[in-house]
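Subject: Structure handover

Hello,

Here is the structure for your files. My notes on it follow underneath.

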Amino acid sequence: MAVSGQRRRPVVVLYERIADAIHDGVYPPGSTLPSEPKLATELGVSRPALREALLLLQEDGLLSVRRGVGRTVNDHPPRRGFEQIQPLEELIGAGTPLRVRALLRTVEEPTDFTTQHLLASARAELRFWETLLAGEGTAAALSHEWAAADEVLDRAHPDFARALREEPAPERTSMLAVLVAASRGVPLEAHSSVTATLLGQRRGKQLGRPADTPAVLVTQVVRAGETPVLAAKHMLPTGAPALPVLQSN
């Protein structure tokens, strides 16, 4: 699913609301969704916007249409989001990896985001990388990535901890790329969410776009076993290369 402009933003938000309800069990596998008029009333949206969101959900494998029954939730809805654990610069590069330019490499105190997704304690120190991805001379994405605290990584993923300390060419590498390279034989699992937003002043300046440019914000958390080891926010403005955002179980 892609966002092509301002017109599609309400549809993307509606898609997310229904997809969240499916994954949260509000509409369990095998259940039938309410009729379009009833569902539009329940969600407080127009029927044209609802119909477009439902079509996208069908295309993405969450819903099926059964004649005489209506739209039903598939028995095994695919997981949503950027859950393929592959460096973003390769995943959206269409065979030609995007160029990576480091904007910031530092250590930060926990924020609300990292406290929630990395379970970081208030006194933890977390590596933070801000990276610009570009191709064909055009900025394609802005990534903010945080690694779990060293003591957590030393226990949950020592190879990743060691790789971050060595920082192999960090100005040309995303943190996720370092994690992937350090994880041969280490099972990883990713979870993500995708939302529509606007770039805003700071991100717009970094990406060379107006502040009111529509964008997709992908939030990703990668775990080694049960421990979250990396959390990231990836901002992709309209016009960026396509990002596959649907991976099957």
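The notes below cover the overall make-up, the cores and one backbone angle.

This is a predicted model, in which local features need pLDDT of at least 70, side-chain atom pairs count only at pLDDT 80 or more, and totals for chains, interfaces and linings use all residues. Residues are numbered from 1 along each chain as its sequence is written, and side-chain values use heavy atoms, with hydrogens and water left out.

The protein has nine helices and 10 strands (DSSP runs of H or I, at least four residues, and of E, at least two, numbered from the N terminus). Of its 249 residues, 49% are buried (under 20% relative accessible area, with a 1.4 Å probe and protein chains only; exposed is over 50%, partly exposed in between).

The largest nonpolar core (buried Ala, Val, Leu, Ile, Met, Phe, Trp, Tyr and Cys joined through side-chain atoms within 4.5 Å) has 21 residues, and I18, L50, L54 and L57 touch the most other members. Two or more residues each come from α1 (9-23), α2 (36-43) and α3 (47-59); α1 gives the largest share, seven. Leaving aside residues up to four places away in sequence, L54 touches I18, L33, E36, L39, L63 and R71 (contact: heavy atoms within 4.5 Å). A second, separate core of 19 residues includes L164, V222, V229 and A232.

L119, in the loop between α5 (112-117) and β5 (126-135), has a positive phi near 55°. Most residues other than glycine have a negative phi. L119 is exposed, at 63% relative accessible area.

Regards
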